[in-house]
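Student: Could we go through this model term by term, so that each label is set against the criterion behind it?
Tutor: Yes, let us take the labels one at a time and ask what each rests on.

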Amino acid sequence: MRKSLRRFDAAIGFVLLAIVWEMGVALFHIKPYLLPSGSAVASAFWENRAALAHHAFITTWQVVAGFVAAVLGGVLISLLVFFFDGLRRTVMPMIVAIQGIPKVALAPLLIVWCGYGATSKILMAFLFAFFPIVISTLGGLAGTPSHLVEHFRAMNASALRTFWKLRVPSALPSFVDGCKMAMPLAVIGAIVGEFVGSENGLGSLILLANASAKTDLMFSVIVTITVISGGLYALIDLAGRKIWWRAL
């Protein structure tokens, strides 16, 4: 019974938040252009559902494309850095230095280089998501218990067999955790790219609502972004739970 109720903990929390929001706006007589009520946001969401669905689809596929690119690139760099010490000494400082650059400062440059299309937004999502995946994957590979490595060596296992049978399963939990951290960052990256220059996507819709002083529409877009980010995070978490090594 308790386990079944725990599944609804998050939903109950959001319902309570909506109730407090609605009551707080009414109780303190907050003006709608400052903070619309939850019912007003829901009404704006329904009235603009077609536009929200259109822009949400564009943003979501840009996020997914950037995230997939970050996973592929991050895993590749992690493997190269792990196996080649020379690359560790040269590549990792560069990655850390790039990570230290404010991504918002890079967004206008990406618009200049790649234009106002989807490429610049995908690259922004990639840049936001890349670093956590590299660090988590590399940490997982390097964190393989040394006594297990010695055990494989005692069994005369080849380096390739040790890698696939020991290091990869050992690194997978850390890799999945890195993906869960990277996915919301990819969403932020795509939205930032749309803020800087785009005619489509939820970021551009927020700017349009802001220019029209439609605060209720702005909040409905924010809710949509939150749902997308939470849904993608949940998919990664579910995939991680379904993999066999989670039961070990």
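Tutor: Let us begin with helix 5, where a kink of about 30° lies at Val91, shortly before the proline Pro93. Please keep in mind throughout that this is a predicted model.

Student: What makes the bend at Val91 in helix 5 a matter of about 30°?
Tutor: The bend at a residue is the angle between axes fitted to the seven residues ending there and the seven starting there, and for Val91 in helix 5 that angle comes to about 30°. The end-to-end length of helix 5 is a separate matter: its 15 residues reach 21 Å from the first C-alpha to the last, close to the 21 Å expected at 1.5 Å a residue.

Student: Which residues of helix 5 are called buried, and what covers them?
Tutor: The buried residues of helix 5 are Val91, Met92 and Ile95, and the term buried requires a relative accessible area under 20%. What covers these buried residues includes helix 4 (49–83) and helix 7 (118–142).

Student: Where does helix 9 bend, and how does its span compare with that of a straight helix of 38 residues?
Tutor: Helix 9 bends by about 40° at Leu172, with a proline, Pro173, following within four residues. A straight helix of 38 residues would span 56 Å at 1.5 Å a residue, whereas helix 9 spans only 47 Å between its end C-alpha atoms.

Student: Why is the contact between Asp177 and Lys180 called a salt bridge?
Tutor: The criterion is a side-chain nitrogen of Lys or Arg within 4 Å of a carboxyl oxygen of Asp or Glu, and the side chains of Asp177 and Lys180 meet at 3.6 Å, N to O, so the pair qualifies. Being three residues apart in helix 9, Asp177 and Lys180 are separated by about one helical turn.

Student: Is Lys180 buried or exposed, and what about Asp177?
Tutor: Lys180 has a relative accessibility of 13%, which falls under the 20% limit, and therefore counts as buried. Asp177, at 35%, lies between the limits of 20% and 50% and so counts as partly exposed.

Student: What other salt bridge does Lys180 form, and which parts of the chain does that pair tie together?
Tutor: The side chains of Lys180 and Asp237 meet in a salt bridge at 3.1 Å, N to O. Lys180 lies in helix 9 and Asp237 in helix 11 (residues 215–242), so the pair ties together parts that are 57 residues apart in sequence. Both Lys180 and Asp237 are buried, and Asp177, Lys180 and Asp237 are linked in a network of salt bridges.

Student: How many salt bridges does the structure hold, and how do you know that Glu150 and Arg153 form one?
Tutor: The structure holds three salt bridges. In the pair Glu150 and Arg153 the closest N and O atoms are 3.1 Å apart, and since the limit is 4 Å the pair meets the criterion. Both residues lie in helix 8 (residues 146–154), three residues apart, about one turn of the helix.

Student: Why do Glu150 and Arg153 receive separate exposure labels?
Tutor: Glu150, at 44% relative accessibility, stays between 20% and 50% and so counts as partly exposed, while Arg153, with a relative accessible area of 53%, passes the 50% limit and is therefore exposed.

Student: What makes Trp61 partly exposed, and which residues does Trp61 touch?
Tutor: Trp61, which is placed in helix 4, has a relative accessible area of 39%, and because that value lies between 20% and 50%, Trp61 is partly exposed. Not counting residues up to four places away in sequence, Trp61 touches Ala118 and Ile122. The C-alpha atoms of Trp61 and Ala190, 129 residues apart along the chain, are separated by 9.8 Å.

Student: What does the UniProt record say about residues 56–240, and what is the helix content of that span?
Tutor: The unreviewed UniProt entry annotates residues 56–240 as "domain: ABC transmembrane type-1". In the model that span is 88% helix and 0% strand, and its end C-alpha atoms lie 25 Å apart. The same entry's "transmembrane region" feature includes residues 175–197, a span that is 96% helix and 0% strand.

Key: Residues numbered from 1 in each chain as written. Predicted model: local features only at pLDDT ≥ 70, side-chain atom pairs only at ≥ 80, totals over all residues. Heavy atoms only, no water. Helix = DSSP H or I, 4+ residues; strand = E, 2+ residues; numbered from the N terminus. Expected span 1.5 Å × (residues − 1). Buried < 20%, exposed > 50% of the residue type's maximum accessible area, 1.4 Å probe, protein only. Contact = heavy atoms within 4.5 Å. UniProt positions renumbered as here; feature names shortened; annotations may be inferred.
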